[in-house]
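I opened the model and kept a running list of what I looked up. The entries follow in the order I made them.

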Amino acid sequence: LAGKIQVKFDEDGVPVIVKKTAIEQTLTLSAPKGQTLEPGKYYYISAIPTELAGGFEMTFNTADKTAKLTSDKAVTIKRDTFGTIENADANLTFVERTWADPTVLNVAAGSLAMEINPVTGKPVVALVQNIEGSRGPLLVYNDLEASPAVVSPAENNQYVALGIASDGKAYAFTQNYGAKKGEIYTSSDLATWAKAEVSIDQTSTYYGNTIGVLGNEAFMMTCNNANTSGGIQRRNINVTQFNGTTWSTGNVLAGRPVKNTYFPVNKTHGGAMYTFVTNVGEGFSIYKYDGSQWTEVTTVSASSEEFKALGYGIYVSQDMTVAPDGQIWLAVGTSNPLGAAVIKINVEEKTMAQIGDSFPLKNSLSARYARIGVSPVEDGPIYLVFRDDNERLCVSTLDDDTWVWKTPEILTTSASDDVQIRFNAEGKPYVVCTTGCHVEVFTTIK
């Protein structure tokens with residue numbers, strides 16, 4: 001429907017599109033800030049001439065309600081032609097909205113990470129800017145309404161991670177694709193950044209990175225897809241640690257056997273840091289760091305009956321969070337049936353159970369993007385964030401009484417990527433994703 005296009009004129013002098021880049025599948029018409037669209041007025045949207053073979057969907061949003069008009073009839077958008085849809089919202093049923101319209105960053109991102117600024121309670125987004133399809137600088141948006149800080153102006157950045165301490169000190173990670181090195185940058189105010197005196201051995205491909213911050217310590221965990229010169233074996237966790245004074249890299253999790261690892265996830269709760277890792281082909285493990293030593297919380301074997309019963313997918317991009325009561329929640333991609341599901345782990349009893357049904361998906365890639373958000377406020381909401389078969393961003397809330405997942409609310413109508421959810425201390429949720437040439441940050445209306 002939109003994007004950057006290259007046009008030439010044919011022999012009859014008629015303009016013809018010969019190339020499309022930065023494609024957008026969604027067009028949004030919004031009223032001026034603080035105003036609403038007025039009944040009885042015509043509003044105009046322009047689009048690239050195209051064939052909508054499968055029809056179209058229009059979403060109508062008021063301040064607190066939403067409705068959809070869907071047509072499965074093929075539509076042709078022609079050059080130099082006006083079309084009208086009269087009274088398009090006349091017979092629609094409006095339902096309550098949970099999520100507000102997003103804050104949109106007009107930047108194409110190849111990779112991003114989001115955390116909450118503990119001082120302001122607002123989201124901080126770190127991203128690698130894509131410039132004409134190429135990897136560009138590392139940027140950090142401390143204020144979504146303002147210009148970002150340029151953390152690393154170099155090209156070839158990728159694979160972003162972000163961590164913020166309770167006092168506001170921030171850590172940002174990016175890999176330089178050309179040099180095959182991971183770099184860490186630090187900031188005390190999220191505006192001025194300095195490169196840390198450490199360089200992380202990275203291969204050209206990776207299987208996840210995550211930053212965990214506990215007190216004045218920081219842990220950057222990476223996994224490579226090949227052996228590195230630093231001696232870390234293929235896909236084993238490389239722990240780069242800041243002990244409050246100096247950095248060291250090439251460390252491993254104390255007590256963890258050598259295992260192939262996918263996508264570690266670090267989360268801090270109750271004065272401790274928890275690390276979730278997928279053991280490739282062998283299940284998963286969760287570890288806890290209390291400020292002095294690492295201990296294993298649980299390891300679930302892929303050959304165990306409880307693991308098989310869940311149909312847990314041995315894939316990538318799983319997510320973990322720790323609830324106010326100290327219990328651990330996981331969002332996973334299930335393989336039988338294929339979908340997105342939530343698992344709750346009882347830390348004391350070391351048992352696990354699936355919460356509600358999984359959302360069946362046809363696309364295995366979509367199933368790998370499940371994210372879990374548990375409010376830090378006692379008895380607060382629990383969200384499952386995932387992509388549907390059209391890669392649209394969806395959020396479902398767990399019903400407090402029935403423990404059944406409610407009908408998901410679709411937040412984007414175009415394909416999304418790099419999905420994350422975070423809460424501030426008051427329990428306000430924020431969800432971020434990339435959509436085409438933009439980054440969108442959502443939060444709830446109330």
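Entry 1, Met320. I noted first that this is a predicted model. I listed the contacts of Met320, leaving out neighbours within four places in sequence, and got Val265, Lys267, Tyr274, Thr275, Phe276, Ile286, Ile328, Trp329, Leu330 and Ile372. Met320 itself lies in strand S25. Is Met320 buried or exposed? I found it at 0% relative accessibility, so it counts as buried, the limit being under 20%. I also took a C-alpha separation: Met320 and Gly373 are 8.4 Å apart, with their positions 53 residues apart along the chain.

Entry 2, the cores. I then asked which residues of the largest nonpolar core touch the most other members. This core has 20 residues, and the ones I was after are Phe284, Ile286, Met320, Ile328, Leu330, Ile345 and Met352. I checked which elements give two or more residues to this core: strands S22 (272–279), S23 (283–289), S24 (294–301), S25 (319–322), S26 (328–335) and S27 (338–346), together with helix H1 (305–310). Another core, of 18 residues, lies apart from it and has Trp329, Ala340, Phe359 and Trp405 among its members. As background, nonpolar side chains tend to be buried together in soluble globular proteins.

Entry 3, aromatic pairs. I counted 12 aromatic pairs. For Trp329 and Trp403 I have ring centres 6.0 Å apart and planes at 40 degrees, so I logged the pair as tilted. Trp329 is in strand S26, while Trp403 is in the loop between strand S32 (393–397) and strand S33 (409–410), so the pair ties together parts 74 residues apart in sequence. Trp329 is buried at 3% relative accessibility, whereas Trp403 is partly exposed at 37%. I also found Trp99, Tyr383 and Phe423 linked into a cluster by ring pairs.

Entry 4, an open sheet. I traced 4 strands in the order S8-S36-S35-S34, with antiparallel pairing. Which strands are at the edges? They are S8 (103–105) and S34 (417–423), each of which pairs on one side only. From one strand to the next, the twist averages 15 degrees. I looked at one pairing in detail: S8 and S36 (residues 438–443) are antiparallel over 3 bridges, and Thr103 stands opposite Val441 in S36.

Entry 5, a hairpin and its next strand. I found 7 bridges joining strand S9 (residues 109–116) to strand S10 (residues 123–131), which run antiparallel. The bridge partner of Ala109 is Gln129 in S10. S9 and S10 form a hairpin with 6 residues between them. In its turn, Gly121 has a positive phi of about 75 degrees. S10 also pairs with strand S11 (residues 134–141), in the antiparallel sense over 6 bridges. There I matched Leu127 with its bridge partner in S11, Leu139.

Entry 6, cysteines. How many disulfides does the structure hold? I found 0. Cys394 is in no disulfide, and the nearest cysteine sulfur, that of Cys433, is 11 Å away. A disulfide would need the two sulfur atoms within 2.5 Å. Cys394 counts as buried, at 3% relative accessibility. Cys223 is also buried, with a relative accessible area of 0%.

Notes: Residues numbered from 1 in each chain as written. Predicted model: local features only at pLDDT ≥ 70, side-chain atom pairs only at ≥ 80, totals over all residues. Heavy atoms only, no water. Core = buried A, V, L, I, M, F, W, Y, C linked by side-chain atoms within 4.5 Å. Buried < 20%, exposed > 50% of the residue type's maximum accessible area, 1.4 Å probe, protein only. Contact = heavy atoms within 4.5 Å. Pairing = 2+ DSSP bridges. Axes fitted to C-alpha atoms, helices over the stretch in contact; angles between N-to-C directions. Phe/Tyr/Trp six-rings, centres within 6.5 Å; stacked < 30°, edge-to-face > 60°.
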